[in-house]
Amino acid sequence: MSRTVYVNGAFLAEEDAKISVFDRGFIFADGIYEVSAVLDGGLVDNEAHLKRLARSLGEIDLPMPMPKEKIVGLQKELIARNRLTEGSIYLQVTRGAADREFHFPADSKPSLVMFTQSREIVNDPKATSGIKLLSVPDIRWERRDIKSVALLAQVLAKQAAVAAGCQEAIMHQEGVVTEGGSSTVFIVTEKGHIVTRPNSHAILPGITRQSVIRLAGEKALAIEERSFTLDEVFAAQECFITSATSFVKPVIEVDGKRIGGGQPGPVARRLRDIYIEAARAEAKASRQAA
Ligand code: PDD
């Protein structure tokens with residue numbers, strides 16, 4: 001069944017939606033995107049995603065295409081038109097169409113595109129069984145804090161992972177972990193400390209990461225924000241990833257080596273339950289807001 005998508009002011013059937021071949025998103029990856037989870041038909045952590053969108057756009061000298069409240073209205077309309085109950089909503093802003101010159105065009109009009117994707121997040125069998133990761137060198141640029149649509153390095157990383165029978169890549173620089181192909185990585189050390197890399201230009205500041213850190217704090221679980229190595233991952237009690245499309249997902253194997261007992265660990269399972277509860281409350285509030 002065809003989805004309804006949003007393109008520059010219009011809701012259209014996906015086969016009728018068009019973007020110019022001169023769009024700078026297509027030619028230069030000159031654009032920013034966001035992915036928010038949808039649960040029970042409501043938006044999860046969406047305020048934080050739109051705040052990060054505004055920040056990323058600012059870093060590439062693009063304004064928000066419209067006020068935040070208007071974007072939320074369009075997101076809700078798209079969720080309703082597609083009768084989406086669980087999955088995600090993707091949003092992309094590019095510098096728009098102009099003749100091909102590298103520097104910013106004087107008068108291009110930014111493009112705004114949104115579409116929904118239906119998927120089971122809460123009852124994802126991989127969240128119960130745990131996932132396998134493949135380590136790959138992080139070959140990306142030096143501004144990974146910007147949620148740029150230039151994702152070729154992640155496409156290659158995740159393809160390598162899938163080809164090796166894994167579900168996600170874990171990227172590293174000379175053995176120091178940066179993040180997952182499209183997720184944040186956490187470990188639980190022998191001492192039971194939950195460790196994740198601090199935000200910097202080296203990683204995307206994950207929104208799910210931020211919520212999980214806050215929720216863990218509320219439950220008096222200790223979080224240490226510091227860099228860690230692949231060797232520490234192999235020696236960890238537990239490893240898990242977070243993202244808008246997976247929430248919290250336990251990792252049971254990295255590069256064919258079992259992590260912890262090769263089973264989803266208790267900390268990851270608990271944080272997943274806590275996050276899902278908070279996400280449901282958020283989604284409900286978002287549905288009830290005008
Ligand atoms: N990716 N790091 C990278 C490189 C990512 O692409 C993502 C998310 C994350 C997690 O961020 P968040 O918790 O805000 O989703 C970390 C999205 C889901 C994607 O590209 O589909």
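These legends walk through close-up views of a predicted model.

**View 1. An open sheet is built from six strands.**
Follow the strands across the sheet and you meet them in the order 2-1-6-5-3-4, with antiparallel pairing. Strand 2 (10-13) and strand 4 (42-44) stand at the edges; each has a single partner strand, so one side of each is left without a neighbour in the sheet. From one strand to the next, the twist averages 30 degrees.

**View 2. Strand 1 meets strand 6.**
Here you can look at strand 1 (residues 4-7) beside strand 6 (residues 111-118). The two run antiparallel and are joined by two bridges. Find tyrosine 6 and look across to strand 6: the residue opposite is methionine 114.

**View 3. Helix 3 and helix 8 lie across strands of the sheet.**
Helix 3 (residues 68-81) lies across strand 1, strand 2, strand 3 (31-39), strand 4, strand 5 (87-94) and strand 6. Its direction makes an angle of about 40 degrees with strand 6. Helix 8 (residues 266-288) lies across strand 3 and strand 4, and runs at about 130 degrees to strand 4.

**View 4. Polar atoms of the protein meet the ligand.**
Start with glutamate 179, where an N or O atom of the side chain is 2.6 Å from a nitrogen atom of the ligand. Backbone atoms take part as well: a polar one of isoleucine 207 sits 2.8 Å from a ligand oxygen atom, and an N or O atom in the backbone of alanine 244 lies 2.9 Å from an oxygen atom of the ligand. Taken alone, the ligand exposes 480 Å², and the protein buries 91% of that area.

**View 5. A shell of 20 residues lies around the ligand.**
Of these residues, Tyr33, Glu179, Ile207, Thr208 and Ala244 come nearest. Which elements each supply at least two residues of the shell? They are strand 3, helix 2 (46-59), strand 9 (176-180), helix 6 (207-218) and strand 13 (238-243). If you are sorting the shell by class, count eleven polar, five nonpolar and four charged residues.

How values were computed:
Residues numbered from 1 in each chain as written. Predicted model: local features only at pLDDT ≥ 70, side-chain atom pairs only at ≥ 80, totals over all residues. Heavy atoms only, no water. Pairing = 2+ DSSP bridges. Helix = DSSP H or I, 4+ residues; strand = E, 2+ residues; numbered from the N terminus. Axes fitted to C-alpha atoms, helices over the stretch in contact; angles between N-to-C directions. Contact = heavy atoms within 4.5 Å. Near = heavy atom within 4 Å. Polar contact = N/O pair within 3.5 Å; in protein donor to acceptor, adjacent residues only side chain to side chain. Areas by Shrake-Rupley, 256 points an atom, 1.4 Å probe, with all protein chains shown as cover. Nonpolar A, V, L, I, M, F, W, Y, C, P; charged D, E, K, R; others polar.
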